[in-house]
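Visitor: I've just pulled this one up on my screen. Could you walk me through it?

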Amino acid sequence: MSSHTTDGKISARLIGIALGAALGGLLFGYDSSIVNGTVDAVQEQFGLNAVTIGFTVSCALIGAAVGAWVAGVVAERV
């Protein structure tokens with residue numbers, strides 16, 4: 001299926017893909033800001049040092065990287 005129609009107009013499929021990508025970026029940024037706001041409370045509640053709080057906060061990025069890798073492999077097969 002083509003992302004452009006033969007008359008040069010942008011298809012609904014392309015708009016949907018672009019909106020999905022934009023929504024993913026928006027949600028990742030929102031998640032990052034929420035985690036940033038809770039760092040002090042989590043560090044105090046669980047008595048974490050700088051290394052463990054750094055790893056805890058970076059888990060969202062690690063999960064996103066692994067998810068993108070897996071999604072890329074799946075997308076190539078599909």
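Here is a short round of questions and answers on this predicted model.

Visitor: How many helices and how many strands are there in the protein?
Guide: Let's start with the basic inventory, going by the DSSP runs. Helix α1 covers residues 12-46, and helix α2 covers residues 50-77. The tally for the protein is two helices and zero strands.

Visitor: Is the protein a compact globule or more spread out?
Guide: For 78 residues the globule rule gives 12 Å. The radius of gyration is 19 Å, well over that, so the protein is more spread out than a compact globule. As for the box that its C-alpha atoms fill along the principal axes, that is roughly 60 × 25 × 10 Å.

Visitor: What share of the residues is buried?
Guide: Buried here means under 20% relative accessible area. The accessible surface of the protein comes to about 6,300 Å², and 69% of that belongs to carbon and sulfur atoms. Of the 78 residues, the buried share is 3%.

Visitor: How far apart are the end C-alpha atoms of helix α1, and what span should its 35 residues have?
Guide: Count 1.5 Å a residue, using one less than the number of residues. For the 35 residues of α1 that gives an expected span of 51 Å, which agrees with an end-to-end C-alpha distance of 48 Å.  So the pair you asked for is 48 Å found and 51 Å expected.

Visitor: Where does α1 bend, and which residue just after it has a positive phi?
Guide: The bend is about 45°, and it sits at Thr 38. Just after α1 there's a phi of about 65°, and the residue that takes it is Gly 47.

Visitor: Which residues make the nonpolar surface patch of about 590 Å²?
Guide: To join a patch, a residue needs over 30% relative accessible area. Val 74, in helix α2, has 44% and is partly exposed. Val 70 lies in α2 too, and is partly exposed at 48%. The full membership is Phe 55, Ile 62, Val 66, Val 70, Val 74 and Val 78.

Visitor: Is Ser 58 buried or partly exposed?
Guide: Ser 58 is found in helix α2, and its C-alpha is 9.6 Å from that of Val 35, 23 residues away in sequence. The buried class stops at 20% relative accessible area. Ser 58 has 24%, so it counts as partly exposed.

Visitor: What C-alpha distances separate Phe 28 from Ala 64 and from Val 70?
Guide: Ala 64 lies in helix α2 and counts as partly exposed at 34% relative accessibility. Ala 64 and Phe 28 are 36 residues apart in sequence, while Val 70 and Phe 28 are 42 apart along the chain. In space, the C-alpha distances from Phe 28 are 8.6 Å for Ala 64 and 17 Å for Val 70.

Methods: Residues numbered from 1 in each chain as written. Predicted model: local features only at pLDDT ≥ 70, side-chain atom pairs only at ≥ 80, totals over all residues. Heavy atoms only, no water. Helix = DSSP H or I, 4+ residues; strand = E, 2+ residues; numbered from the N terminus. Bend = angle between axes of the 7 residues up to and from the residue. Rg over C-alpha atoms; globule rule 2.2 N^0.38 Å. Buried < 20%, exposed > 50% of the residue type's maximum accessible area, 1.4 Å probe, protein only. Areas by Shrake-Rupley, 256 points an atom, 1.4 Å probe, with all protein chains shown as cover. Patch = residues over 30% accessible without salt bridge, like charges linked within 9 Å, V, L, I, M, F, W, Y side chains within 5 Å. Salt bridge = Lys/Arg side-chain N within 4 Å of Asp/Glu carboxyl O.
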